[in-house]
Amino acid sequence: MRLRKTKGFAVLRRKTVALILSGCVFTQIDFRSFAFAKPSVGFREYIDTFDGYSFKYPQNWIQVRGAGADIFFRDPFVLDENLSVGFSSPSSSRYNGVEDLGPPEEAGEKVLKQYLTEFMSTRLGVRRESNILSTSSRVADDGRTYYQVEVNIKSYANNNELAVMPQDRIARMEWDRRYLSVLGVENNRLYELRLQSPENVFVEEEDELRRVMESFRVNKVT
């Protein structure tokens with residue numbers, strides 16, 4: 001009798017310990033899932049009443065001055081992810097509407113050409129591959145027409161550009177990026193919002209970046 005009681009107690013104790021351990025495992029899994037859950041992204045609004053445009057951007061992005069654009073924000077952790085706004089001068093060209101660029105397809109060709117011109121490199125063995133992914137036109141809630149252009153650009157460079165033999169010059173990818181442009185016209189100016197993101201980051205943050213695109217507005221300057 002005493003043996004059976006001891007055995008029963010041992011079995012009961014093992015079951016109790018197993019339940020406690022399993023509870024600890026489930027608790028750890030729940031906390032781990034919570035810790036790695038992607039936080040919701042908040043947005044701030046930037047309004048330039050002097051130059052006549054506005055947009056929303058992720059609230060954790062920081063402004064960088066002296067970047068060569070009218071305004072420039074970037075992700076503090078992914079340095080290749082950023083946005084900027086630029087616009088033309090009415091003294092050099094006067095626009096009545098974004099349709100002055102032609103249909104969206106023609107505008108896309110011009111946008112890509114401008115990107116490739118800016119990314120020209122004097123380094124030996126550097127080449128760029130580019131592709132227009134999409135072009136579109138939309139009428140926003142302000143009644144204005146905006147063009148949207150998406151392109152992909154890849155940059156390759158030889159690991160030994162001074163090598164004599166071709167087999168010693170192996171091309172490797174330097175970067176692979178998505179470029180998003182939104183074009184609008186007001187005040188006889190052509191405005192462009194640009195977004196840049198590494199392709200692998202774009203896959204994760206596409207919804208947020210498209211929200212930035214859709215928020216871009218050009219406004220009448222009084």
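# Briefing: sheet, aromatic cluster and salt bridges

Strands β1 and β2 (residues 53-58) form an antiparallel pair over six bridges. The model is predicted. Beyond this hairpin there is an open sheet of seven strands, and a search of the whole structure gives 15 aromatic pairs and 14 salt bridges.

**The β1-β2 hairpin**

- Four residues lie between the strands of the β1 and β2 hairpin, where Gly 52 has a positive phi near 90 degrees.
- Opposite Phe 43 stands Pro 58 in β2.
- Strand β1 spans residues 43-48 and contains Tyr 46.
- The C-alpha atoms of Tyr 46 and Lys 56 are 6.0 Å apart, with their positions 10 residues apart along the chain.
- Leaving aside residues up to four places away in sequence, Tyr 46 touches Tyr 53, Ser 54, Phe 55, Tyr 57, Ile 71 and Phe 73.
- Tyr 46 has a relative accessibility of 21% and counts as partly exposed, because buried means under 20%.

**The seven-stranded sheet**

- The strand order is β3-β4-β5-β9-β8-β7-β6, with antiparallel pairing.
- The edges are taken by β3 (62-63) and β6 (126-139); each has a single partner strand, so one side of each has no neighbour in the sheet.
- Within the sheet, β7 (residues 145-158) and β8 (residues 171-186) pair in the antiparallel sense over 12 bridges.
- One bridge of this kind joins Gln 148 to its partner Val 182 in β8.

**Helices on the sheet**

- Helix α2 (residues 104-118) packs on the sheet and touches β6, β7, β8 and β9 (189-198).
- The direction of α2 makes about 145 degrees with that of β6.
- Helix α3 (residues 199-215) lies across β5 (82-87), β6, β7, β8 and β9.
- Relative to β9, helix α3 runs at about 155 degrees.

**Aromatic contacts**

- Among the 15 aromatic pairs, Phe 87 and Tyr 191 have ring centres 5.5 Å apart and planes at 50 degrees, so this pair is tilted.
- Phe 87 belongs to strand β5 and Tyr 191 to strand β9, so the pair links distant parts of the chain, 104 residues apart.
- The two rings are given unlike burial classes: Phe 87 is partly exposed at 27% relative accessible area, whereas Tyr 191 is buried at 0%.
- Both rings belong to one aromatic cluster, made up of Tyr 46, Tyr 53, Phe 55, Tyr 57, Phe 73, Phe 87 and Tyr 191.
- Tyr 53, Phe 55, Tyr 57 and Phe 73 are also among the residues that Tyr 46 touches.

**Arginines over rings**

- Arg 127 lies over the face of Tyr 156, at 4.3 Å from the ring centre.
- Arg 177 lies over the face of Trp 175, and the distance to that ring centre is 3.9 Å.

**Salt bridges**

- Arg 177 also forms a salt bridge with Asp 80, with 3.7 Å between the closest N and O atoms.
- Arg 177 lies in β8 and Asp 80 in the loop between β4 (71-74) and β5, so the pair ties together parts that are 97 residues apart in sequence.
- In this pair Arg 177 is buried at 12% relative accessible area, while Asp 80 is partly exposed at 32%.
- Glu 118 and Arg 194 meet through their side chains in a salt bridge of 2.8 Å, N to O.
- That pair links distant parts of the chain, with Glu 118 in helix α2 and Arg 194 in strand β9, 76 residues apart.
- Glu 118 is partly exposed, with a relative accessible area of 42%, and Arg 194 is buried, with 17%.
- Between Arg 178 and Glu 150 there is a salt bridge whose closest N and O atoms are 3.1 Å apart.
- Arg 178 lies in strand β8 and Glu 150 in strand β7, so this pair ties together parts 28 residues apart in sequence.
- Arg 178 and Glu 150 are both buried.
- Through shared partners, salt bridges join Glu 150, Arg 178, Glu 199, Glu 206 and Arg 210 into one network.

Technical notes: Residues are numbered from 1 along each chain as its sequence is written. This is a predicted model: local features need pLDDT of at least 70, side-chain atom pairs count only at pLDDT 80 or more; totals for chains, interfaces and linings use all residues. Side-chain values use heavy atoms; hydrogens and water are left out. Two strands pair if DSSP finds at least two bridges between them. Helices (H or I, at least four residues) and strands (E, at least two) are DSSP runs, numbered from the N terminus. Contact means heavy atoms within 4.5 Å. Axes are lines fitted to C-alpha atoms, for helices over the stretch in contact, and angles run from 0 to 180 degrees between N-to-C directions. Rings of Phe, Tyr and Trp (its six-membered ring) pair if their centres lie within 6.5 Å; planes under 30 degrees apart count as stacked, over 60 as edge-to-face and the rest as tilted. Buried means under 20% relative accessible area, exposed over 50%, partly exposed in between (1.4 Å probe, protein chains only). A charge sits over a ring if NZ of Lys or CZ of Arg is within 6 Å of the ring centre and within 35 degrees of the ring normal. A salt bridge is a side-chain nitrogen of Lys or Arg within 4 Å of a carboxyl oxygen of Asp or Glu.
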